[in-house]
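Reader: I would like to learn how to read a fold from its coordinates. Could you walk me through one chain, feature by feature?

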Amino acid sequence: MRKIMLAVAVALLPGVGAACTWLQPFEMTQIAGAELVVVGKVTGYQDLGTPQGTALVTLQVEEVLKGKAKGEMLLVWNAGMAQGPHEARATGRC
C-alpha cells in the first residue's frame, strides 16, 4: 500500500517541463491590477545573497505607462514574483 501511495504522489508532482518559464510579449491587459508600469534602462544589479533569492535593481525611468515615476528608481526583485531575480535578465532596457 505504501508503494502505491508513493507512486501516486510522484505522479502528481510537477515535471521538470512544468517548472520552465516562458517569456511572453508585454500586454497591459494582463497586469491591469498594477499600480506602476515603467520602461527604463537597468543601471545596477545587486544580489543580496538571501536564501529565498532577492536582488536590488536600479532603473533609470524612460517612460511611464501607468502611475507616476521619474528619474532613478531602486526596486526590490524577489523570488515571490513570476520570475525570480536573474542578473542576465536585469540588463539593458526593460
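Reader: What percentage of the 94 residues in the chain is buried?

Author: Happy to start there. Buried means under 20% relative accessible area, exposed means over 50%, and partly exposed is in between, with a 1.4 Å probe and protein chains only. Here, buried residues make up 17% of the 94 residues. Please keep in mind that this is a predicted model, in which local features need pLDDT of at least 70 and side-chain atom pairs count only at pLDDT 80 or more, while totals for chains, interfaces and linings use all residues. Residues are numbered from 1 along each chain as its sequence is written, and side-chain values use heavy atoms, with hydrogens and water left out.

Reader: And what secondary structure does the chain have?

Author: Helices (H or I, at least four residues) and strands (E, at least two) are DSSP runs, numbered from the N terminus. This chain comes to 1 helix and 3 strands, in the order α-β-β-β along the sequence.

Reader: How many bridges join β1 and β2, and in which sense do they pair, parallel or antiparallel?

Author: The general idea is that two strands pair if DSSP finds at least two bridges between them. β1 and β2 pair in the antiparallel sense over 10 bridges. V37 stands opposite K66 in β2, and V39 stands opposite E63 in β2. The two strands form a hairpin with 6 residues between them, and G49 in the turn has a positive phi of about 70 degrees. T50 is also found in the loop between β1 (37-47) and β2. The C-alpha atoms of T50 and N78 are separated by 9.5 Å, with their positions 28 residues apart along the chain.

Reader: How many bridges join β2 to β3?

Author: There are 7 bridges from β2 to strand β3 (residues 72-78), and these strands run antiparallel. L56 has V76 as its bridge partner in β3, and Q60 stands opposite E72 in β3. The hairpin of β2 and β3 has 5 residues between the strands, and G67 takes a positive phi near 90 degrees there.

Reader: Which residues form the largest nonpolar core?

Author: In soluble globular proteins, nonpolar side chains tend to be buried together. A nonpolar core is a set of buried Ala, Val, Leu, Ile, Met, Phe, Trp, Tyr and Cys residues joined through side-chain atoms within 4.5 Å. The largest one here has 5 residues: V42, V57, L59, W77 and A90. W77 is found in strand β3.

Reader: Why does W77 count as buried?

Author: W77 counts as buried because its relative accessible area is 15%. A useful next step is to look at contacts, where contact means heavy atoms within 4.5 Å. Not counting residues up to four places away in sequence, A90 touches V42, Y45 and W77. The C-alpha atoms of W77 and A90 are separated by 9.9 Å. G44, in strand β1, has its C-alpha 8.3 Å from that of A90, although the two are 46 residues apart in sequence.

Reader: What is G44 in contact with, leaving aside its neighbours within four places in sequence?

Author: G44 is in contact with L56, V57 and T58. T58 lies in strand β2 (residues 54-66), and with the same kind of neighbours left aside, the contacts of T58 include K41, V42, E72 and M73.

Reader: Why is T58 classed as buried?

Author: T58 is classed as buried because its relative accessible area is 19%. T50, by contrast, counts as partly exposed because its relative accessibility is 28%.

Reader: Which residues form a nonpolar patch on the surface?

Author: Patches are made of residues with over 30% relative accessible area and no salt bridge (a side-chain nitrogen of Lys or Arg within 4 Å of a carboxyl oxygen of Asp or Glu). Like charges are joined within 9 Å, and nonpolar side chains (Val, Leu, Ile, Met, Phe, Trp, Tyr) within 5 Å. Here F26, M28, I31 and L65 form the nonpolar patch, with about 320 Å² of accessible area together. Accessible areas come from the Shrake-Rupley method with a 1.4 Å probe, and for residues only the protein chains shown count as cover. L65 lies in strand β2 and is partly exposed, with a relative accessible area of 35%.
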